[in-house]
Amino acid sequence: MKIDAGSETCLHNLLYSLYGNYKKSIFEPLSANEMTHSYIQTHQDRFLAELFDLLRIPSVSADSKHKPDVRKAAEYVIQKLKDAGADKVELCETKGHPIVYGEKMIDPSKPTVLVYGHYDVQPADPLNLWDSPAFEPVVKDGKIYARGSCDDKGQMYMHIKAFEAMMKLNQLSCNVKFMIEGEEEVGSDNLGTFVKENKAKLKADVILISDTSLISLDTPSITVGLRGLSYMEVEVTGPNRDLHSGVYGGAVANPINVLSEMIASMHDKNGRITIPGFYDKVAELTAEERKALNKAPFNLDEYKKELAIDDVKGEVGYTTLERTGTRPTLDVNGIWGGYTGEGAKTVLPSKASAKISMRLVPNQNSTEITDLFTKHFQSIAPKSVKVKVTAHHGGEPAVTPTNSKAFHAASSAFEEVWGKAPIPTRDGGSIPIVSLFKKELGLDTVLMGFGLDSDAIHSPNEHYGIKNFLIGIETIVAFYKHYSK
Ligand code: BES
Ligand code: MN
Ligand code: MN
């Protein structure tokens, strides 16, 4: 019988699933990678079905109405960690949503990898902009559409399946700990306390996280920088009640007009933030670092096309990659006040509010920036209004080393599975726990994310490629192999 390459793989997979340790031929045993690849192929339908069950749980951490769902998701993760072979799996209560912990210690003399991820998701609003319901996952064009499919349930679940594969194939060659939290999307308020109180339990050699993006499926990358965050809320109050805009208009400060002016004044014509001292601690990249960063493939036309914009906008003198990866920002996330109902109501509102976030870069500090913002915002308020400034969560920026054993292992894993060396990149998003791990546990993080910027995380129609999910599992297994060498 003549067997072509495709049917040979099929046959091989069939035999593999039947006999487990079946060998390709009696002369040629399967390599560890081939075993992993085959295991993932054989079990991919179940892996996806399990992920879908997790995606169906609306674990929105920001919404108290979903508190029971957040716990349900934690319990689901617990079950799956146990099924995969983890020990000491437990639900750790916090003042907020629970943290899931589990481990597999094979030998205390071997290194330990601490996997961090989050099972909570962003709210799905605005619901009417989803093509299919946010918590009813569907596959379209090879992508899983659901809230959390990429951020971070899909990416976190790759680690549980990679662990399962290593356990089943007897390949686990170092110790693993899992810490999966349920409050990442609301600022990880209780994770810091948990880390500080459980230093012995969390003792490890490196942190491994998949919660960032790749350049593309053709160009693998490893994230080596994340921005920090200061998130503020401001309220501007004018008169003691809403007024008739004809009777009082022109004579009394309109808080929405004033707030708009104040916000507009916080950028100059070069797109720089005008808060005094804001840039004092910003680490400027060297010419070499900038050159290296801009070597990453990036197509501005495609970028604009994908977002349906005719032009980009940002700080003068920096490329788009530099603007998102290395420069701080100030953005209004929401603004409200006055009459927004149907029709027209002539009203001069009493109050106006806005939520404003600042993305931070090394070596800015979120507490200092929060302070600078507060002082500045108060100082630019005209006497005709009163302002109230409150701080929401914050987080510190992070850069991760590229000369560590763990980074080299991640790099080798990509080379082996993708046939290409990954490019180090800086992402614009924030994962505040990364700097906290460094500070509290003294540990560096490897950010091995498999999402794409176009996956629409936090947006309607969030999705995650099945290819990304499957190749991610394989790359994670390869990481362990190289790391424990
Ligand atoms: N996974 C994201 C962060 C991210 C996304 C990093 C893409 C790099 C690339 C994370 O879940 C997130 O959304 N973080 C928040 C911050 C948090 C404090 C609410 C963010 O970046 O807005
Ligand atoms: Mn995330
Ligand atoms: Mn997120």
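Six donors count as octahedral if opposite donors are over 155 degrees apart and all others lie between 65 and 115; a set of six that fails this is irregular. Keep that rule in hand for the two metal sites below. The model is predicted.

Start with the manganese ion (ligand 3). Its site has six donor atoms, with angles of 55 to 156° among them, and is irregular. The low end, 55°, falls outside the octahedral limits, because non-opposite donors must lie between 65 and 115 degrees. Ideal octahedral angles are 90 or 180 degrees. The protein donors are Asp 151 (OD), Glu 185 (OE), a second entry for Glu 185 (OE), and His 458 (NE2). They lie 2.1 to 2.6 Å from the manganese ion (ligand 3). Along the sequence, the donor residues follow the spacing D-x33-E-x272-H. Asp 151 sits in the loop between S5 and H4, and Glu 185 in the loop between strand S6 (175-181) and helix H5 (191-197), so this pair ties together parts that are 34 residues apart in sequence.

Now move to the manganese ion (ligand 2). Asp 151 is the link: it bridges the manganese ion (ligand 2) and the manganese ion (ligand 3), which lie 3.6 Å apart. At the manganese ion (ligand 2), the protein donors are His 118 (NE2), Asp 151 (OD), and Asp 211 (OD), the last listed twice. Their distances run from 2.0 to 2.3 Å. The six donor atoms subtend angles of 57 to 165°, which makes this arrangement irregular. The donor residues are spaced H-x32-D-x59-D in sequence. His 118 belongs to strand S3 (residues 112-118), while Asp 151 is in the loop between strand S5 (143-145) and helix H4 (153-168), so the pair connects parts that are 33 residues apart in sequence.

The backbone at Asp 151 deserves a look. The peptide bond from Asp 151 to Asp 152 is cis, with omega near -5°. Asp 152 is also found in the loop between S5 and H4.

Next comes ligand 1. It is surrounded by 18 residues, and the closest are Glu 184, Asp 211, Arg 359, Ser 430 and His 458. Two of these names have already appeared: Asp 211 is a donor to the manganese ion (ligand 2), and His 458 is a donor to the manganese ion (ligand 3). The shell divides into five nonpolar, seven polar and six charged residues. Polar side-chain atoms of Glu 184 and Arg 359 each lie 2.7 Å from an oxygen atom of ligand 1. For Glu 185, the corresponding distance to an oxygen atom of ligand 1 is 3.1 Å. Taken alone, ligand 1 exposes 520 Å², and the protein buries 90% of that. Where does ligand 1 lie with respect to domain 1 and domain 2? Domain 1 (31-226 + 397-484) and domain 2 (228-282 + 328-394) both give residues to the shell, so ligand 1 lies between them.

Two further backbone features complete the tour. A cis peptide bond joins Pro 362 and Asn 363, with omega about 0°. Asn 363 is placed in the loop between strand S14 (351-360) and helix H10 (366-379). Lys 88, in strand S1 (residues 87-92), has phi near 50°, a positive value in a residue other than glycine.

Definitions and conventions: Residues numbered from 1 in each chain as written. Chains lettered and ligands numbered in written order. Predicted model: local features only at pLDDT ≥ 70, side-chain atom pairs only at ≥ 80, totals over all residues. Heavy atoms only, no water. Near = heavy atom within 4 Å. Polar contact = N/O pair within 3.5 Å; in protein donor to acceptor, adjacent residues only side chain to side chain. Areas by Shrake-Rupley, 256 points an atom, 1.4 Å probe, with all protein chains shown as cover. Nonpolar A, V, L, I, M, F, W, Y, C, P; charged D, E, K, R; others polar. Domains from an automatic or database assignment. Donors = N, O, S within 2.8 Å, 3.2 Å for Na, K, Ca; no water. Tetrahedral: all angles 85-135°; square planar, octahedral: opposite > 155°, others 65-115°. Helix = DSSP H or I, 4+ residues; strand = E, 2+ residues; numbered from the N terminus.
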